[in-house]
Amino acid sequence: MNIILLGPPGVGKGTQATLLRDHFKLLHVSTGEALRKEKSLGTPLGKEVGKIMESGGLVSDDIVTRIVISAISDLGDKKGFMLDGYPRNLAQAELLAKMLAEKSIKIDSVISIEADKEIVIKRLAGRRSCEKCGKDYNIHFNPPKVAGECDVCDGAKLICRADDTEETHLRRLTEYEDKTEPLKAYYSSKGLLKPVDGMGTVESVFRDISEALN
Ligand code: AMP
């Protein structure tokens, strides 16, 4: 099963992606994660994209498409792939469709996680992740057992992402509305779109997505 996850920043997409990855045994391809890794390793690509990411802008379609195609070329023992954070605009969606057609690979479903803008803004402000293992938390919606500490890493600190500022959030939301939301019509016209209400609990959203995929 090959799927695409759509949803505005702050909707809980990362949390759902981890659950879906484990439940359906999928290769999780997150372009944001891949780019952050390049940045932290200080590779030439990381240096090139670092400033763009910090400002909330979009990295070039060519770079992110190369990352995705390279990642899905080796599925190992996985049962398919899940794209998270890609495609983010129509050009990327068309590029992806062309590349996948060349490899005779099909996308089975596009899940769109939906939520009100005010909720999304609150979620973004509460976002934290473990500095050691990267596990995601939200101080409002998915808090750790002990405030400020990772549940699994024996007290490791929870930190804000470098690009988690209010200014960046607004820019990223606007980017989403302008460039990514039109993908819903694109995938709907192909009969692939499955909208899911993202305003419930982590468990209920996961259940709705799983049902939409079955
Ligand atoms: P994310 O973790 O998905 O929110 O991505 C973090 C940042 O990485 C974004 O704000 C962009 O600067 C960059 N990025 C991630 N995925 C893409 C993509 N598909 N196209 C362009 N830029 C991306």
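## A salt bridge between distant parts of the chain

K184 and E114 form a salt bridge in which the closest N and O atoms are 3.1 Å apart. This pair links distant parts of the chain, since K184 belongs to helix α8 whereas E114 belongs to strand β4 (residues 109-114), and the two positions lie 70 residues apart in the numbering. The structure discussed here is a predicted model, and each value below should be read with that in mind.

The two partners do not fall into one class of accessibility. K184 counts as buried because its relative accessibility is 17%, which is under the 20% limit used for that word. E114, with a relative accessible area of 26%, is partly exposed.

## Other salt bridges

In general, side chains of opposite charge can pair when their charged atoms come close. A search of the whole structure finds ten salt bridges, and two further examples are described here.

In helix α7 (residues 166-180), E175 and R171 are four residues apart, so about one helical turn separates them. These two residues form a salt bridge, with 4.0 Å between the closest N and O atoms. E175 counts as buried at 12% relative accessibility, while R171 is partly exposed with a relative accessible area of 38%. Elsewhere, salt bridges that share partners join E114, E181 and K184 into one network, and so the pair described at the start belongs to this network.

The other example involves D22 and R21, which form a salt bridge whose closest N and O atoms are 2.9 Å apart. Here D22 is partly exposed at 46% relative accessibility, and R21 is also partly exposed, with a relative accessible area of 32%.

## A buried arginine without a salt bridge

R123 lies in helix α6, which covers residues 117-125. R123 is buried and yet has no salt bridge, for the nearest side chain of opposite charge, that of D197, is 8.0 Å away. Because a salt bridge requires a side-chain nitrogen of Lys or Arg within 4 Å of a carboxyl oxygen of Asp or Glu, the distance of 8.0 Å between R123 and D197 does not meet that requirement.

Which residues is R123 in contact with, leaving aside its neighbours within four places in sequence? They are G10, V11, G12, N138, F141, G198 and G200.

## The second largest pocket

The second largest pocket holds about 180 Å³ of space. It is lined by 13 residues, and those closest to its centre are A97, L100, I107, K190 and L192. Two elements, α5 (90-102) and α8 (182-189), give two or more residues to this lining, and α5 gives the most, with five residues.

Sorted by class, the lining of the second largest pocket has eleven nonpolar residues and two charged residues, but no polar ones. Helix α8, one of the elements that contribute to this lining, is also the helix in which K184 is found.

## V202 and its surroundings

V202 is found in helix α9, which covers residues 202-213, and with a relative accessible area of 24% V202 is partly exposed. When residues up to four places away in sequence are not counted, V202 touches T15, Q16 and L19. P87 is 115 residues from V202 along the chain, and the C-alpha atoms of these two residues are separated by 24 Å.

Notes:
Residues are numbered from 1 along each chain as its sequence is written. This is a predicted model: local features need pLDDT of at least 70, side-chain atom pairs count only at pLDDT 80 or more; totals for chains, interfaces and linings use all residues. Side-chain values use heavy atoms; hydrogens and water are left out. On a 1 Å grid over the protein atoms alone, a cavity is a set of points where a 1.4 Å probe fits but cannot get out, and a pocket is an open set with protein on both sides within 12 Å along at least five of seven lines; lining residues have an atom within 4 Å of a point. Grid points are joined across faces, edges and corners, and a volume is the space filled by probe spheres set on the points. Ala, Val, Leu, Ile, Met, Phe, Trp, Tyr, Cys and Pro count as nonpolar, Asp, Glu, Lys and Arg as charged, and the others, Gly among them, as polar. Buried means under 20% relative accessible area, exposed over 50%, partly exposed in between (1.4 Å probe, protein chains only). Lys and Arg count as positive and Asp and Glu as negative; His and the chain ends are not counted. Contact means heavy atoms within 4.5 Å.
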